[in-house]
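Work through the exercises below with the sequence and the 3D structure open. Try each task before reading its solution.

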Amino acid sequence: MDAGSEIDWSVLENQSADIEAAENFSSEPEAWPSNEDEAVDEEVEDPRVSFEAQDALIEACQKYFEIQIDEIEPLALPSAWVAELQDFWEKNLQRVGGRQSAGELIYDAILEAAPRIITDDFSTFPRTVWSSRFLDGLAALITELSDAEVLRNRAEAMGFSHLSLAVTFSKCELFRDVIVSLIEQELGVAQFPPHCDARKCFNVILNYISGALLYTHDTFATRVKAIQKSWRQANKKVDE
């Protein structure tokens, strides 16, 4: 700068103000919140609440250790039960040769324990067809265990699809006991002990579906038969 030139003080003052503002901005911690600050604002779930909720579900499932026929309500299962049964199902299904083989084992076990169930109710279904349908339905139930509403809808649908059959309490108990005994026979009691969560969950599901079949049959079978009878009579009069 030449000695004789004038100093532009306004420019220097503006530059000084800009530098001061930049320093103040960088020194303010609020301008750049850290991850730690954000984490403080997040709600942390109390593990005791989760344990209490699971205990409540276990308590609510106690009644399904027996078949219930009063209504079809949503069934919320403890997450530990669901995880153990689904893991058990995936690991052991292939040990018996897959779905088709498992279904045929169940068919043969029921035929041996109560031949009239097969001859009276399922005589129109070949062994391979019945086995495939039964295991597909069971597999769908196990897949949907985590969703109480979906599980109820499945139970209701199964109830209506079995309206034409002579569903009884004793038959439902027999089905349940034969299936559980067959698993013990094929895999051994050590793999499916009475106290394990997988077995508890499996028994609850079988009893839940049995109750849905019985409730639907008792509530709607008579009405459906009356409608079918009236329909046949109406068609007969039209033909005449």
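The exercises deal with confidence, empty space and three single residues.

This is a predicted model, in which local features need pLDDT of at least 70 and side-chain atom pairs count only at pLDDT 80 or more, while totals for chains, interfaces and linings use all residues. Residues are numbered from 1 along each chain as its sequence is written, and side-chain values use heavy atoms, with hydrogens and water left out.

**Exercise 1. Confidence**

Find which helix has the lowest mean pLDDT and which the highest.

Solution. Begin with the term: pLDDT is the predictor's confidence in each residue, from 0 to 100. For the protein chain the mean is 82, and 77% of the residues reach 70 or more. Next, go through the elements, where helices are DSSP runs of H or I with at least four residues, numbered from the N terminus. Helix α2 (residues 35–41) has the lowest mean, 49, and α8 has the highest, 94.

**Exercise 2. The largest pocket**

State the volume of the largest pocket and describe its lining.

Solution. Rolling a probe the size of a water molecule over the atoms shows where empty space is left. On a 1 Å grid over the protein atoms alone, a pocket is an open set of points with protein on both sides within 12 Å along at least five of seven lines; a cavity is a set where a 1.4 Å probe fits but cannot get out; lining residues have an atom within 4 Å of a point. A volume is the space filled by probe spheres set on the points, which are joined across faces, edges and corners.

- The largest pocket holds about 760 Å³.
- Its lining has 28 residues, with Phe-122, Phe-134, Met-158, His-162 and Leu-213 nearest the centre.
- Helix α7 gives the most to this lining, six residues.
- The classes are 17 nonpolar, six polar and five charged residues. Nonpolar covers Ala, Val, Leu, Ile, Met, Phe, Trp, Tyr, Cys and Pro; charged covers Asp, Glu, Lys and Arg; the others, Gly among them, are polar.

**Exercise 3. The cavities**

Count the cavities of 30 Å³ or more and describe each lining.

Solution. The search of the whole structure gives two. The largest cavity has a volume of about 250 Å³. Of its 16 lining residues, Trp-89, Leu-93, Val-96, Ala-102 and Ile-183 lie nearest the centre. Helix α9 gives the most, five residues, and the lining divides into 14 nonpolar, one polar and one charged.

The second largest cavity has about 40 Å³ of space. Its lining includes Tyr-64, Gln-68 and Tyr-208, and by class there are four nonpolar, two polar and one charged residues.

**Exercise 4. Three residues**

Decide whether Ser-131, Asp-136 and Asn-92 are buried or partly exposed.

Solution. Use the cut-offs: buried is under 20% relative accessible area, exposed over 50%, partly exposed in between (1.4 Å probe, protein chains only).

1. Ser-131, in helix α7 (residues 127–143), counts as buried because its relative accessibility is 0%. Leaving out residues up to four places away in sequence, it touches Gln-100, Gly-103, Glu-104 and Tyr-107 (contact means heavy atoms within 4.5 Å).
2. Asp-136 also lies in helix α7. Asp-136 is partly exposed because its relative accessible area is 38%. The C-alpha atoms of Asp-136 and Gln-100 are separated by 9.1 Å, with their positions 36 residues apart along the chain counted as the separation.
3. Asn-92, in helix α4, is buried because its relative accessible area is 9%. The side chain of Asn-92 reaches the backbone oxygen of Phe-88 at 2.9 Å.

How values were computed
Helix = DSSP H or I, 4+ residues; strand = E, 2+ residues; numbered from the N terminus. Polar contact = N/O pair within 3.5 Å; in protein donor to acceptor, adjacent residues only side chain to side chain.
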